[in-house]
Amino acid sequence: MVMPTVKPTIFDGETNRPMTDDEYAQWQTDNAETEAQALAQVEALAAKDAARQTVLDKLGLTQDEAQALLG
């Protein structure tokens, strides 16, 4: 992800103001963690789909056939 060149603003309950250096560092850390979690979820879904396809291949079934059996 491309980080902005200007620090984002934050609403502190009264006004919008630029983030402090500490707030900006925490914001970057939080964004990196969120991206990592999202990527892990995508990879887990891909692995699950690959495992499911492997089982279907071993059984000699297509996805449509398996769906018809499981209804």
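**View 1. Tyrosine 24, a buried residue**. Tyrosine 24 keeps just 13% relative accessible area, so it counts as buried (under 20%, with over 50% being exposed and anything in between partly exposed; 1.4 Å probe, protein chains only). This is a predicted model, where local features need pLDDT of at least 70 and side-chain atom pairs need 80 or more, while totals for chains, interfaces and linings use all residues. Numbering runs from 1 along each chain as its sequence is written, and side-chain values use heavy atoms, leaving out hydrogens and water.

**View 2. The aromatic pair in helix H1**. The count of aromatic pairs comes to one (Phe, Tyr or Trp rings, Trp by its six-membered ring, with centres within 6.5 Å; planes under 30 degrees apart are stacked, over 60 edge-to-face, the rest tilted). Here tyrosine 24 and tryptophan 27 are stacked, 5.7 Å centre to centre with 20 degrees between the planes. They sit three residues apart in helix H1, so about one helical turn separates them. Tryptophan 27 is partly exposed, at 25% relative accessibility.

**View 3. Glutamate 65 and threonine 62**. Glutamate 65 belongs to helix H2 (helices are DSSP runs of H or I, at least four residues, and strands are E runs of at least two, numbered from the N terminus). A polar atom of the glutamate 65 side chain lies 2.8 Å from the backbone nitrogen of threonine 62. Glutamate 65 is partly exposed, at 38% relative accessible area.

**View 4. Confidence along the chain**. Mean pLDDT (the predictor's per-residue confidence, 0 to 100) is highest in helix H1 (residues 21-59), at 95, and lowest in helix H2 (residues 63-70), at 88. The chain averages 90, and 93% of the residues score at least 70.

How values were computed
A polar contact is a pair of N or O atoms within 3.5 Å; within protein, one must be able to donate a hydrogen and the other to accept it, and residues adjacent in sequence count only if both atoms are side-chain atoms.
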